[in-house]
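User: I am learning how labels such as "buried" or "edge-to-face" are given to parts of a protein. Could you go through some of them with me, definition by definition?

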Amino acid sequence: LEGTVSIPLRFAPLGPGRYPCKILLLSRYDVRVYVIEGIVNEEEPEAELLFKTPAFEPLTQHIPIKNETKKPWKFLVKIEGEWFYGPPILHVGPGETIQYPLTFKPILECEIMGKLTLQNEVDGMAHVVEIDGIGTKPLALDHIVINCIVGNVTDKSIIVPNYTKSLLTFKVTSDLEIVWGNSYITIEPDNSIPYTLHVCPWKRGDFRGAITFSVKSRDEEDSQEDTDPEKDISSQETPSDPSTIIFEEYSDEKVKTLKIWYHIEIHSSPAPPVDTIELHCTALETTCIEIPISNSKGRIIRMDVKLTSSAFNGPEEVRLNPFECLNYIVWYSPAATGYREERTLGSYCNLLLILC
């Protein structure tokens, strides 16, 4: 501009930091002072942090920020990298050291590279930290305990979340044959819905397994399911309503690998006896007992038989063809007189024995 003159300045910093400077201009008629400050940020990130955690398990790292000046600092925080979270603003008082909490919570197996930038509004300095996140195989989202009775159907509600921004349809599988339910469920973005699991054990005892919800796309071939050790959970009496099954072509390819699973522990108690058989017999003699059993299923079933007394003798296993009826034969040889109450666990019959 007319009446002005440019003064060439050369700024050659040796390293990152703040470089305050004053320029004094003197003339016969005027004195002027210009305050100039140079701010140099690191070319490379000041630090590198690695986060490694199972999917759905948050991992938080506290990053110390120290203010050695006499002025309060205010940082604007920018986080680059999916599934990294932290406060957008950080205040650090004079002489204070504040821990900035950076959290990594992946929702599937992945490897994410990102960057954390803390921009100081007071002096203009930017602190940059390179962040890498590794999401490993997810742990069980919950441990579900179900108490039930042999032969009775018990319903258990499971809350299934969708942490993504996409409408997802999950295929449901389980490695337990005594549970079933709808084979597909559809969940809105950022939402959770209850899933009803039906349990009906055929014998008493403790059973442990898993139920898995995995995203299935339209183009996934059913032949791939044959190699999966887990079974379609709807193989029993409650198939899914086809109108509720929605397949999406997901824009994010990573979503196709999303999997949620729950550990299931089932405690099955004996049912009341099917029948009570009263028997009169003589000690030191052998008596034959016939117990009628039947198979109401359209498939072959195998029953394990447990006799609660050493005086009983009979097959330890019974095999029934579809809709077959037969008599299970138990041989009883009492060694002493008296009254006994015994039970055969295969057919759940009480035996009231009066021994003469």
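The turns below take up a few labels and set values against definitions.

Analyst: This is a predicted model, in which local features need pLDDT of at least 70 and side-chain atom pairs count only at pLDDT 80 or more, while totals for chains, interfaces and linings use all residues. Residues are numbered from 1 along each chain as its sequence is written, and side-chain values use heavy atoms, with hydrogens and water left out.

User: Why is the aromatic pair of F213 and Y262 called edge-to-face?

Analyst: Rings of Phe, Tyr and Trp (its six-membered ring) pair if their centres lie within 6.5 Å, and planes under 30 degrees apart count as stacked, over 60 as edge-to-face and the rest as tilted. F213 and Y262 are 5.9 Å apart, centre to centre, with 85 degrees between the planes, so the pair meets the distance limit and is edge-to-face. By this rule the count comes to eight aromatic pairs.

User: What makes the pair of F213 and Y262 a tie between parts of the chain?

Analyst: F213 belongs to strand β17 (residues 205-215) and Y262 to strand β19 (residues 259-269), so the pair ties together parts that are 49 residues apart in sequence. Strands here are DSSP runs of E with at least two residues, numbered from the N terminus.

User: Why does D275 count as partly exposed?

Analyst: Buried means under 20% relative accessible area, exposed over 50%, and partly exposed in between (1.4 Å probe, protein chains only). D275, which is found in strand β20 (residues 275-281), has 42% relative accessibility and therefore counts as partly exposed. Both F213 and Y262, in contrast, are buried.

User: How do you know that the charged end of K105 sits over the ring of Y163?

Analyst: The rule asks that NZ of Lys or CZ of Arg is within 6 Å of the ring centre and within 35 degrees of the ring normal. The charged end of K105 is 5.3 Å from the centre of the Y163 ring and is listed as sitting over that ring.

User: Why is one side of β12 and of β14 left without a neighbour in the sheet?

Analyst: Two strands pair if DSSP finds at least two bridges between them. The open sheet of three strands has the order β12-β16-β14, with antiparallel pairing. β12 (154-162) and β14 (179-180) stand at the edges with a single partner strand each, so one side of each has no neighbour in the sheet. β14 pairs with β16 (residues 191-199) over two bridges, and the bridge partner of W180 in β16 is H198.

Notes:
Helices (H or I, at least four residues) and strands (E, at least two) are DSSP runs, numbered from the N terminus.
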